[in-house]
Amino acid sequence: MIQRKIEHLFVFLALLVATGVAAASPPSLALDISLEPATRQFEAVAIVRPMQRNFRFVLHESLNIRSVEADGKALKFVALGRDGALQRWRIQLPAGSETLQITYGGTLQALQNERDHRSVLRAMPPMAAVDGSFLPASSAWYPQPAPMFSYRLKLSLPADQRALVPGRLLEENLPAGANGRYRASFEFTRRSDGIDLMAGPWRVREKIAPQEGKTASPALRLRTYFPAALDAEPGLAEAYLEDSRRYIERYSGEIGTYPYSEFSVVASPLPTGFGMPTLTYIGVDVLKLPFIRASSLGHEILHNWWGNGVYVDYARGNWSEGLTTFMADYAYKEGAANDTSRDMRLGWLRDFSALSIEARLPLREFRSRTHSASAAVGYGKAAMLFVMLRDQIGEKAFRQGIRDFWSKNQFRVAAWQDLQLAFEGASGRDLKTFFAGWLDASGAPKLEIREAWLKPSSRGHQLDVVLKQQGSPLVSHLPLELSAGSKRETRWVSVKQAGEKISLDLDFRPQLIRIDPDIRLWRHLDPQEMPPILRQWIGAPAPRLHIAASGAAAEAAANLAQRFFEVKPQSISGPALAGELTTGGPLLIIGTHAELAATLAAAGLPGPPSELSKRGSAQVWTLVRPVGAPLAVVSADDAAALQALARPLPHYGGQSWLVFAGAKNVDRGIWPVAGVSFAVRDATIGK
Ligand SMILES: [Zn+2]
């Protein structure tokens, strides 16, 4: 995700419409800042060239204006009303003056490091601490000259601190001795909509990489800003530098040259995952996890193009998370030796199918990730839109569309409409219906085969298929899989209406036909297409629990269940178990191997599937059952093996089965399911 000031873009767009852009010299800001994290003292001198002579701005309540002058003359500054923690101010720029000097400062709030990953997405004040300071753009820690502006910034901090803002590092002076100061200056010459300032007790590592194909351009400055303990992890910082270089090279090739001269990975004391121009600010606790380098880093780097390179017109919908997810997280799955991209597409549809009807907002209404409901649409559905678009216009046109969208819109505000135009230009096709359909419909269409019959034709066989679609939008381009024994063939067909008969010429006699078995469409999933996964138990509104263990193991099982379920499960006793299997909410059976085996046998249930049997210290599996209550089982060696699952297991909601050795997951998977097939009828039989 990216950190932005949404409200200011609205204002900016409104101003463009109302007045046109008139300023002779663009709005800009120069800041000279000193920050003492230990005392949280912040002092600044701002030189502002505002967009309007009647300059109105906000500052956080922790900051006070000390003086204002223009061309050496003191000016009045007027406090207006307040918006929550923000004080509104007004200063009139005298005739003949273009810039104001505002001296201000105060004691910042302490770093709120109790914030969890959800609450860091909400408004935060400017905060300081020795462990790390974060002054988010949205906290109004500087007088903003206009919704979009350029800036220069000088920083001064105690010797053991480092600090940075997005932009080019112009100059850096390392402290001479423990009583010296760290000084650095930065410049952001593109239009920016806000400045995030970060400081911390960091060790800085740097790698200078030549930019591919940009011989005349300066080399790329890659940096890590890690606290000492993280920096001491063998090879970690170096790996971040190399992976950053690799991602930047990849996207420069796919989209267009990286628009900046640096990129930094900055450790945050808060559980953030923010992408800003030229840097990413990631929670120190997660930087060690392998998936951060494997996917999150690439996602945040890609935001230098999508979101921080081409800006989002939030009022008209946020396309950048979907496009970034598609070209980063999803593309890495497609490109892996073990391609699990189908699992990801299935996951998006499952997440959506789990939403209530009210939570299924149209994609065009997605603004940012505020709760998981909007993530299922703004990330999952949006990424699937790009999967479908590429299937429809082809890889070549799609790639061209991406490059055209970048070259036409870089450092401008763009909307879905601009993406549509770029892909229409690249493919030569009218994509109005496609975009309108997927952006404005709130649900997912349901596709069914009503009839399929085969008759002889001059070229072999003719298959006639009647398709039915319910809900919107109409899926006009869809894959059908035809199979006979082990032979499978996929045909993409085009349709124009919801109930249409289509004819296919074939050189073999298919027995079965399926719609979209590879899940390449945003559509309603049939329950038979959804293998059971643990999330159905974890998040169940009325889960049930049976414990097949005694003594310490029973206690460990109860503790595991408490960590596992989001709500307290209903307890099912041994004698009642057999009667509870046919109906009711998801049921989890936890036990030790011997007691569990006896319980399963007594209830007429099968033992562990062969994939898991006798492996590790604990096995977890769901049962594929066409009828009856959803069932899952945890079978472990003993109390210690059950205890070891309490922390890791809730993190594996996307899996059907798992094997653990202690707390370590050693194998896992999603059960294959048959899906929904339709039998092809032979039209010559019975005539
Ligand atoms: Zn993102």
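Start at Phe405, which counts as buried at 0% relative accessibility (buried means under 20% relative accessible area, exposed over 50%, partly exposed in between, with a 1.4 Å probe and protein chains only). This is a predicted model, so local features need pLDDT of at least 70 and side-chain atom pairs count only at pLDDT 80 or more, while totals for chains, interfaces and linings use all residues. Residues are numbered from 1 along each chain as its sequence is written, and side-chain values use heavy atoms, with hydrogens and water left out.

What does Phe405 pair with? A search of the whole structure turns up 37 aromatic pairs, and in one of them Trp306 and Phe405 sit 5.5 Å apart centre to centre, tilted with 40 degrees between the planes. The pair ties together distant parts of the chain, 99 residues apart: Trp306 is in the loop between α4 (290-302) and β22 (311-312), and Phe405 is in helix α8 (residues 395-409). Trp306 is buried too, at a relative accessible area of 0%. Next come Tyr330 and Trp348, also a tilted aromatic pair, with 5.3 Å between centres and 40 degrees between planes. Here the link runs from helix α5 (residues 320-335), home of Tyr330, to helix α6 (residues 341-353), home of Trp348, and the two residues are 18 apart. Tyr330 and Trp348 are both buried. As for the cut-offs, rings of Phe, Tyr and Trp (its six-membered ring) pair if their centres lie within 6.5 Å; planes under 30 degrees apart are stacked, over 60 edge-to-face, and the rest tilted. Helices (H or I, at least four residues) and strands (E, at least two) are DSSP runs numbered from the N terminus.

Rings can also host a charge. The charged end of Arg246 sits over the ring of Tyr247, 4.9 Å from its centre, and Lys487 lies over the face of Phe508, 4.7 Å from the ring centre. The test is NZ of Lys or CZ of Arg within 6 Å of the ring centre and within 35 degrees of the ring normal.

Now for the strands. In a regular strand the side chains alternate between the two faces of the sheet. Strand β1 (residues 28-36) shows it nicely: Leu29, Leu31, Ile33 and Leu35 point to one face and are buried, while Ser28, Ala30, Asp32, Ser34 and Glu36 point to the other and are not. Which strands flank β1? Strand β2 (residues 41-49) runs antiparallel to β1 and is joined to β1 by nine bridges, with Ala30 opposite Ile47. The two make a hairpin with four residues between them, and Arg40 in the turn has a positive phi of about 65 degrees. Strand β12 (residues 149-158) runs parallel to β1, with seven bridges, and there Ser156 is the bridge partner of Ser34. Two strands pair if DSSP finds at least two bridges between them.

Further along, β24 (residues 446-457) and β25 (residues 460-470) pair antiparallel over eleven bridges, and a hairpin of two residues joins them. Ile449 of β24 stands opposite Leu467 in β25. β24 also pairs with β38 (residues 681-682), in the parallel sense over two bridges.

Then there is an open sheet of seven strands in the order β31-β30-β32-β34-β33-β35-β36, with mixed pairing. Its edge strands are β31 (570-571) and β36 (664-669), each pairing on one side only. Inside it, β30 (residues 544-548) and β32 (residues 587-592) pair parallel over five bridges, with His546 opposite Ile589. Helix α12 (residues 552-564) lies across β30, β32 and β34 (631-636), at about 145 degrees to β32. Those angles run from 0 to 180 degrees between N-to-C directions, with axes fitted to C-alpha atoms, for helices over the stretch in contact (contact means heavy atoms within 4.5 Å).

Finally, the charges: the structure holds 38 salt bridges, each a side-chain nitrogen of Lys or Arg within 4 Å of a carboxyl oxygen of Asp or Glu. Back in α8, Glu395 and Arg399 meet in one at 2.9 Å, N to O; being four residues apart, they are separated by about one helical turn. Glu395 is partly exposed at 40% relative accessible area, and Arg399 is partly exposed at 44%. Arg316 bridges to Asp313 with the closest N and O atoms 2.6 Å apart; Arg316 is partly exposed at 47%, whereas Asp313 is buried at 4%. Elsewhere, Glu172, Glu206, Arg221, Arg223 and Glu262 are linked in a network of salt bridges.
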